[in-house]
Amino acid sequence: MNGHVKSMHFGQFMEPVTTLLSLLLLMAVDSTRIVAASRNQQCGNSLQQTLKLTRLIQKESVDLIKTYKASQGEMSELLCKVSVPIVPDPKISGMDTSEKIVSIYTHLQAFLPHLKRVYEQQTDLQLPTSPVLDGLTRVSAHSRNLAALINIFYQSLFPNVPIQEPAGGPTALPPPQNVFQQKVYGCVVLKTYKELLANVSKELRTLKNNKCKRI
Amino acid sequence: MESAGQMLMLAALMLTAHAGSQNYLLTFPHPKFVRVGSNFTATCVIINRTEVTADDLYWNLSETILPREHYSKINNSAISVTFTVTSDKPEWLFCLCRNPSPNIVLNQGLYMHGIYLQKGYAVQQPPGNLSCVALQENTYISGTITCEWRDSGPQTEQDPIIYTLHVRDMTSQGNYTTTTKTKAQVSLGTYPNHMNLEIWVEAKNSLGMVESEHLKEEANWFVKTNPPSDISVISEKSFPTSLLLNWTLPIDKSYFRLMYRIRFTTEGANTWTDVPQEDTSQDIQSFRLQNLQPGTKYISQVSCKNARRGHGRWSDWSNNATKWTPEAPPRGKPDLWMTILGSPNANGQNVQIACKDPVHSNGRITMFSLMIKAHRVTNASTQLENTTEMISRSGDITVLKQVPIPDHQSTQVFLTAINSVGQSEKAFLGVPERERPSVEDLRVSSQDGRLLVEWRLPRSSEVSEFVVEWVGRGQMDWQKENKSTTRTHITGPLEPFVCYRVSVYVLRSGWSSKATSVEAFLKEGAPSEAPSVSLLGVPGHDGAHLVWTQIPPERSRGFISTYTIYYRTGDATRAVTVLGNSSSYKLTSLSPDTTYDTWITASTIAGSYKGSTHSFTTQKYAPGEIEGIVVGVSLGFLFFFLMIVLLCFYKKDVIRENFWPRIPDPGESTIKNWSPDYSLKADLPRESCVSGISVLDVDVCDGRSLFDEEKAGLPLKKDKFLSEEHSSGIGGSSCMSSPRQSVSDSDEGGDMADTTASTVQYSSVVASSGYKGQTPAQPTLFSRSESTQPLLDCEENPDTSAQEGSRQSQRCSRPTGNNLSPQGAALREELQPLDFCSLPEDAENNTPAEHQSAASASSYMPQLGGYRPQ
């Protein structure tokens, strides 16, 4: 009788405990999912914005090259086929995500002075109302924003590792050039920058597919 | 502690004021702005003056002395005041001294100090409802972002609220702009697409600062693009109920994907039909509109926004894209109706066949196929007429044909609508040979800007449907109601102030009944014209019959309830009101021979209108009044004339005595009998006696009654010589008692009537032809009667009248006395004929002396004066 009673008492005690434990377990699992979803969403949002901006700059650079060629007069098609060594390489380097993001950031930062130089040169060659100048302004501004987004994205992924600024001091710019050289230089910069953006877009898509999902 | 601090401040201020101010009073504090609604405390201190104390000080705010109970005496030389700032206008608060000592009065400017209070409101609430938008510019987004917000409460001109609009992106590069309004723009250079923006507004003035909520959104969240461009609509014959819309993206997809909203309507419709959002939320550039009406003109518009949920603003609607859907065969029947034209005549009535397109015409109806079948009951003949009518549209009504419908003939009309693809079902309408009963108790009233038509069902319950027809201002329209309807609103467009004739017909299996009609106005207004009043006939002397033409309902703008007739003379205006169906009125109680201005005003329930003025003058006399007067006067005159005639008849003897006295004829005188010494009778012919003296029997004032002999002798009368000859001896006589100039004395004596109309010369001595040419030396012999027989005896004895006449003539020339001078005798002789006249009046007027003289003269006396030599 007593044992039975004890058993009954134990059973009565165990029932709410089980319920409570189940509830706690459920809350723990749910909170884990919420954290994961939150981090995943943050990764996705940041990377998504970066990717969208990259595509936008890519599209704008394509339009800008067309506008640029149209504004340079004769032989504009040949201008972009010349190689200019001083223009940075558009290839993204690095083995892991961190290095690749840093490489993207470094390349973007490296192109900004070149875009600025092209703008200065075209200011002398074009009318103030030229769409080339508007395009260069927008591409440069968006490129700065893209670099900032890359930096933010990198900080979101690696909060304890500050991103490295480009080594070797300021970006080397070409010496004074004649008009033809300026035209060639501008076209090569834009063309190379477009390639860079294509590479960045490709890398970011890869990152989006791999990194954010894995997290 | 507070009072100690205040004392220290007072001391410091006194020292400062003593060093730099000439005033003997000092006030503090001097805040830049004072908040409206707050309590403000000011202190006034007396500096180095003992003749005034704190009790002499008072505060004046905007020329109003602040009550003493607000004062607080700090010490004998300082006083403070505390009051609530209510007005938001800037004002001066003065500390003044009321001590009347001469020194203070003379230096009043030194005994005052003031505080200029500039008011302000604390910023009460943050700018609310912040909303920002970045518009598309060309193919990209403009770098200028425009924001609006709700104000932060009241402010004053002295301390306005300054709003600062901040826009900052993720790179910490931001910009801002300040304004006093609730709308501002911030230029960012290049719009930071895909970057996060933080936007907020800061409201600040001297009394505080608050911030609005911070909008932290991706930059594209604020974007409003242009509407889709190049909208094209494609119509496909194989799909008559659909149209395909195509458009061009307003902005590249690299900015963001777009979602759309599409709406369409038919031409002339007022409402749009929206395509469900879920069908257009995809990233599309074309859309097929379905379930449309064939052969209908559709207008479509497209709008777009950022497809991301909650992002972006809807663009404006695109331009209209218009297209007809392909046609399909008409569905349903045309709405066929016949309206009666004019009034029925002996042969029947004319009707106008009209119709409306089928509800689903599915295209443009190009023609109608009309078949009229007439069946005459009398001879059982049937006449069939098939026509194809080209349409003649008036709005949505097509007038087809006018046909006569004779009595005792049933007419059936069949109609088919045809468009470019096919034809509709056949509609039927019949007019029976005998009129069938229509609705009863038809009433039409205006309700909520529409006409409400109510009727009662006819006794015969075989009703298929009702037709409500209305005609106004030459336009006719109708609508059909189902058989259970007894009240309906007219759906067609009606105009106010227009008279509509509303008729209701009953259709029984397509056969029409007779009409029941009433007239109605959607809205009545004051008449736009009034009838011109005119007179019927001529006005009377106290009345006039006015007539006018009633205003036809199509111009009266309402039912004429009354006509008011005004008539005015001078300043008095009177009015008479008659019913609206009147067209004449007889004015009475008018004044005769008076000009009246009359006019008429037509009145509806909404107002009245005054007509033109007409003037008329009433007659002076009533009809027959003149005739009465004339008849009365004539009768009076006739009576008077009769009285005169009667009087003359009864008094003819007296009149004869007065006007035609019997004058003895000297020719008949017996003088020749009693003058034996002078045998003239043998020598002188008879006519010589007569020619010597003639009796002139003339009418009063009628010179033409002279004897012919005298007329023949007129030229002689003009001769003075002859005239004097005439007057000699015998003299003349006059019917008048007054002395008259003798004919012989007047140059104009030949025409006696001209000179003295009332003078009658009934006696004249005319020289006989025997005297003419005689020399004066030859004495003219006059026989003088010496008879003493009275003159009247001659009348009593006609046989001896000639002799007595001679005596009488002798008496007229009797001498007045022996003592008379020759001139006086001559004068007396000339006056004698007057005495000779036997007028009773003269006799009565004669004085006794004259009678005596006459009596004395009656004796025969020798003529002293004799005759003047001739």
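This report describes a predicted model with chains A and B, moving from the whole of chain B to its strands, backbone and selected residues, and then to the interface.

**Chain B overall**

Chain B has 870 residues, and 41% of them are buried. Its secondary structure comes to 18 helices and 53 strands. Take the contacts in chain B with a separation of 6 or more: residues 24 or more positions apart account for 64% of them.

**Strand pairing**

Three strands of chain B form an open sheet in the order E43-E44-E47. The pairing is antiparallel. Strand E43 (534–535) and strand E47 (584–587) are the edges, and each pairs on one side only. Strand E44 covers residues 544–547 of chain B. Two bridges link E43(B) to E44(B), in the antiparallel sense. Within this pairing, Ser534(B) faces Val547(B) of E44(B).

A hairpin is found at another place in chain B. Strand E37 spans residues 465–472 and strand E38 spans residues 475–482. They run antiparallel and are joined by eight bridges. Val468(B) has Gln479(B) in E38(B) as its bridge partner. Two residues lie between E37(B) and E38(B). One residue in that turn, Arg473(B), has a positive phi of about 50°.

**Backbone exceptions**

Most residues other than glycine have a negative phi, and most peptide bonds are trans. Chain B holds some departures from this pattern. The peptide bond from Phe28(B) to Pro29(B) is cis, with omega near 5°. Pro29(B) sits in the loop between strand E1 (25–28) and strand E2 (34–35) of chain B.

Asn48(B) is not a glycine, yet its phi is positive, near 55°. Its loop runs between strand E3 (39–46) and strand E4 (57–61) of chain B. Arg557(B) also has a positive phi, of about 60°. The loop that holds Arg557(B) follows helix H4 (553–556) and leads to strand E45 (562–569) of chain B. Arg557(B) counts as partly exposed because its relative accessibility is 27%, between the limits of 20% and 50%.

**Selected residues**

The table gives the relative accessibility of four residues.

| Residue | Relative accessibility | Class |
|---|---|---|
| Thr564(B) | 9% | buried |
| Arg138(A) | 17% | buried |
| Arg557(B) | 27% | partly exposed |
| Lys610(B) | 48% | partly exposed |

Thr564(B) is found in strand E45 of chain B. At 9% relative accessible area it falls under the 20% limit, so it is classed as buried. Its side chain makes a polar contact with the side chain of Thr577(B), at 3.5 Å. Beyond residues up to four places away in sequence, Thr564(B) touches Ala575(B), Val576(B), Thr577(B), Trp599(B), Ile600(B) and Thr601(B).

Lys610(B) belongs to strand E49 (residues 607–610) of chain B. It is partly exposed because 48% lies between the 20% and 50% limits. Leaving aside neighbours within four places in sequence, Lys610(B) is in contact with Ala530(B), Trp599(B), Ile600(B) and Thr601(B). Ala530(B) is 80 residues from Lys610(B) in sequence. In space, their C-alpha atoms are 5.8 Å apart.

Arg138(A) is placed in helix H4 (residues 131–157) of chain A. Its relative accessibility of 17% is under 20%, so it counts as buried. Arg138(A) and Leu64(A) are 74 residues apart in sequence, with a C-alpha to C-alpha distance of 9.7 Å. Neighbours within four places in sequence aside, Arg138(A) is in contact with Glu60(A), Tyr140(B) and Thr190(B).

**The interface of chains A and B**

The contact takes 16 residues from chain B and 16 residues from chain A. The size of an interface is often given as the accessible area lost when the parts come together. Here chain B and chain A bury about 1400 Å² between them. Carbon and sulfur atoms carry 58% of that area. On the side of chain B that touches chain A, the residues divide into six nonpolar, six polar and four charged.

What does the count of polar contacts between chain B and chain A come to? Five residue pairs are in polar contact, with both residues at pLDDT 80 or more. The rule finds zero salt bridges across this interface.

Note on methods
Residues numbered from 1 in each chain as written. Chains lettered and ligands numbered in written order. Predicted model: local features only at pLDDT ≥ 70, side-chain atom pairs only at ≥ 80, totals over all residues. Heavy atoms only, no water. Contact = heavy atoms within 4.5 Å. Buried area = accessible area lost by both parts, 1.4 Å probe. Salt bridge = Lys/Arg side-chain N within 4 Å of Asp/Glu carboxyl O. Polar contact = N/O pair within 3.5 Å; in protein donor to acceptor, adjacent residues only side chain to side chain. Nonpolar A, V, L, I, M, F, W, Y, C, P; charged D, E, K, R; others polar. Pairing = 2+ DSSP bridges. Helix = DSSP H or I, 4+ residues; strand = E, 2+ residues; numbered from the N terminus. Buried < 20%, exposed > 50% of the residue type's maximum accessible area, 1.4 Å probe, protein only.
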